[in-house]
Amino acid sequence: MKTYNIGVIAGDGIGPEVTHEALKVLHAVKHGFDYNFVEYPYSGAHYLKTKELVPDKVIDEWKTLDAILLGAIGHPAVEVGLVERSVILGLRFGLDLYINLRPIKLYAENLCPLKGKTPKDIDIAVVRENTEGEYAQIGGILKKGMPDEVATSTSIYTRVGVERTIRYAFELARSRAKVNNKPGHLTLVDKANAIRPQEIWTRVFAEVGKEYPDIQQDHAYVDAFAMLMIQQPESYDTIVTTNLYGDILTDLGATLQGGIGIAASANLHPGKTSMFEPIHGSAPDIAGQGIACPLAAILAAGMALDYLGEQDAAQRIESSVAHLLASGRIPALDSKSGLNTSQMGDMVVEQIRM
Ligand code: ATP
């Protein structure tokens with residue numbers, strides 16, 4: 001029997017609460033395979049106690065795992081960004097997780113803030129480049145606090161980085177076409193009219209696109225695309241975009257799905273150890289109250305199983321969540337649902353066992 005070695009970094013705030021539910025669901029869905037969970041303490045709370053950030057040798061250890069589940073990192077008493085950089089960037093750069101995959105899928109009409117949109121209208125996969133672009137951390141501040149202070153930030157788009165992301169997106173569009181039994185469609189989103197170096201995206205997209213004549217290919221500038229996502233989300237299937245635009249558009253996408261409590265993501269290096277997480281943060285305002293929605297963390301665990309090749313188990317998680325939402329048994333993603341974190345987790349487990 002196959003045993004998957006899965007790292008678990010539950011983190012801070014609501015991270016451990018939602019991760020606990022995701023692990024319950026993973027146990028419920030296993031059939032013909034097993035897990036060996038390896039827990040890691042790295043978080044703001046751990047830093048406050050020990051002053052420890054992620055050591056290099058741990059990043060090497062992560063590379064030997066099959067997958068990693070992350071809850072959320074961020075503690076109000078720790079300098080903003082310190083532990084986040086160590087854990088999240090440690091994972092992203094240490095494991096070269098160059099794809100951020102964000103499904104934007106509506107599971108129940110009542111969750112969508114748009115009038116008249118139903119689940120068949122909103123099913124978009126956003127492929128965000130995850131290690132370069134505007135977040136390459138190149139830049140700095142000169143003469144801080146002086147009247148002539150200067151701040152610079154340089155965006156990086158490498159040929160290798162752009163091409164591997166676009167290639168992944170074309171492959172994904174092709175596999176979604178097969179699964180959904182409809183023509184493949186990939187949209188490049190950039191701002192190459194104003195930021196001319198982004199023309200590398202336009203050029204590589206056209207070049208790689210020649211290898212995918214079966215995929216309908218189009219393009220939108222990011223400002224117009226933000227509008228189109230609201231006006232006509234049904235016109236899009238797979239999106240490929242830069243790190244910053246992907247970050248912004250996927251928060252917009254989370255809102256179309258019903259909110260941050262249901263938005264899951266995968267940070268991938270196809271073929272190697274990859275990481276799966278809810279897109280929300282540690283939410284200190286609701287931590288410890290048992291009211292966080294665990295569905296994003298549960299769906300992220302499902303994405304991990306899909307990535308590991310356990311499609312049946314992954315599908316059972318997603319369809320159970322979809323059923324509970326569509327039937328109104330989970331009527332909302334926040335406290336209006338009248339359900340607490342563990343009740344929602346238990347309902348998903350029960351649904352899986354039905
Ligand atoms: P970050 O800065 O890392 O994004 P944050 O804690 O400031 O972290 P988020 O956690 O992303 O911000 O979320 C903002 C707000 O959304 C939270 O303060 C919380 O009220 C709400 N929220 C986030 N996640 C959930 C969830 N799983 N269930 C319910 N509400 C949530």
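This report walks through the sheet, two helices that pack on it, and some ring and side-chain contacts in a predicted model.

**The sheet**

Start with the big picture: 10 strands make an open sheet with mixed pairing, and the order across it is E2-E1-E3-E12-E11-E4-E5-E10-E8-E9. The two edge positions go to strand E2 (33–40) and strand E9 (215–221). Each of these has a single partner strand, so one side of each is left without a neighbour in the sheet. From one strand to the next, the twist averages 25°.

As a reminder, strands in a sheet pair through backbone hydrogen bonds, either parallel or antiparallel. Both senses turn up around E11 and E12, and the table lists three of the pairings.

| Strand pair | Sense | Bridges | An opposite pair of residues |
|---|---|---|---|
| E3 (residues 67–72) and E12 (residues 274–278) | parallel | 3 bridges | Ala 67 and Ser 274 |
| E4 (residues 99–105) and E11 (residues 264–268) | antiparallel | 3 bridges | Asn 100 and Asn 267 |
| E11 and E12 | antiparallel | 4 bridges | Ala 266 and Phe 276 |

**A closer look at E11**

How much of strand E11 is buried? The strand is mostly covered, with 5 of its 5 residues buried. In a regular strand, side chains alternate between the two faces of the sheet. Here Ala 264, Ala 266 and Leu 268 point one way, while Ser 265 and Asn 267 point the other way, and all of them are buried. Two of these residues also appear in the table: Asn 267 is the bridge partner of Asn 100, and Ala 266 stands opposite Phe 276 in E12.

E11 and E12 form a hairpin with 5 residues between the strands. If you're scanning the backbone there, look at Gly 271, which takes a positive phi near 90°.

**Helices on the sheet**

Helix H1 (residues 15–29) packs on the sheet, where it touches strand E1 (2–11), E2 and E3. The direction of H1 makes about 165° with that of E2. The helix has 15 residues and reaches 21 Å from its first C-alpha to its last, close to the 21 Å expected at 1.5 Å a residue.

Why call H1 largely enclosed by the rest of the structure? Because 11 of its 15 residues are buried. Among them are Val 18, Ala 22, Leu 23, Val 25, Leu 26 and Val 29, and Glu 17 and Glu 21 are on the buried list too. The buried residues of H1 pack against E1, E2 and E3, and also against helix H9 (295–308), helix H10 (311–326) and helix H11 (341–353).

Elsewhere on the sheet, helix H6 (residues 199–209) lies across strand E5 (123–129), strand E8 (184–190), E9 and strand E10 (238–241). H6 runs at about 165° to E8.

**Rings and charges**

Now for the aromatics: the model has 10 aromatic pairs. Take Tyr 40 and Trp 62, whose ring centres are 5.8 Å apart with planes at 85°, so the pair is edge-to-face. Tyr 40 sits in strand E2 and Trp 62 in helix H3 (residues 56–62), so to speak linking distant parts of the chain, 22 residues apart. Both Tyr 40 and Trp 62 are buried.

Phe 225 and Tyr 236 make another edge-to-face pair, at 4.9 Å centre to centre and 80° between the planes. This one links Phe 225 in helix H7 (residues 222–231) with Tyr 236 in the loop between H7 and E10, 11 residues apart. Phe 225 counts as buried at 1% relative accessibility, and Tyr 236 is buried with a relative accessible area of 10%.

There is also a cluster in which ring pairs link Tyr 4, Phe 33, Tyr 35 and Phe 37. As for charges over rings, the charged end of Lys 51 sits over the ring of Tyr 47, 5.0 Å from its centre.

**Arg 167 and its contacts**

Finally, Arg 167 lies in helix H5 (residues 159–180). Is Arg 167 buried or partly exposed? At 26% relative accessibility, Arg 167 counts as partly exposed. Leaving aside residues up to four places away in sequence, Arg 167 touches Val 208, Glu 211 and Tyr 212. Arg 167 and Val 208 are 41 residues apart in sequence, yet 6.8 Å apart in space, C-alpha to C-alpha.

Technical notes
Residues numbered from 1 in each chain as written. Predicted model: local features only at pLDDT ≥ 70, side-chain atom pairs only at ≥ 80, totals over all residues. Heavy atoms only, no water. Pairing = 2+ DSSP bridges. Axes fitted to C-alpha atoms, helices over the stretch in contact; angles between N-to-C directions. Contact = heavy atoms within 4.5 Å. Buried < 20%, exposed > 50% of the residue type's maximum accessible area, 1.4 Å probe, protein only. Expected span 1.5 Å × (residues − 1). Phe/Tyr/Trp six-rings, centres within 6.5 Å; stacked < 30°, edge-to-face > 60°. Lys NZ or Arg CZ within 6 Å of the ring centre and 35° of its normal.
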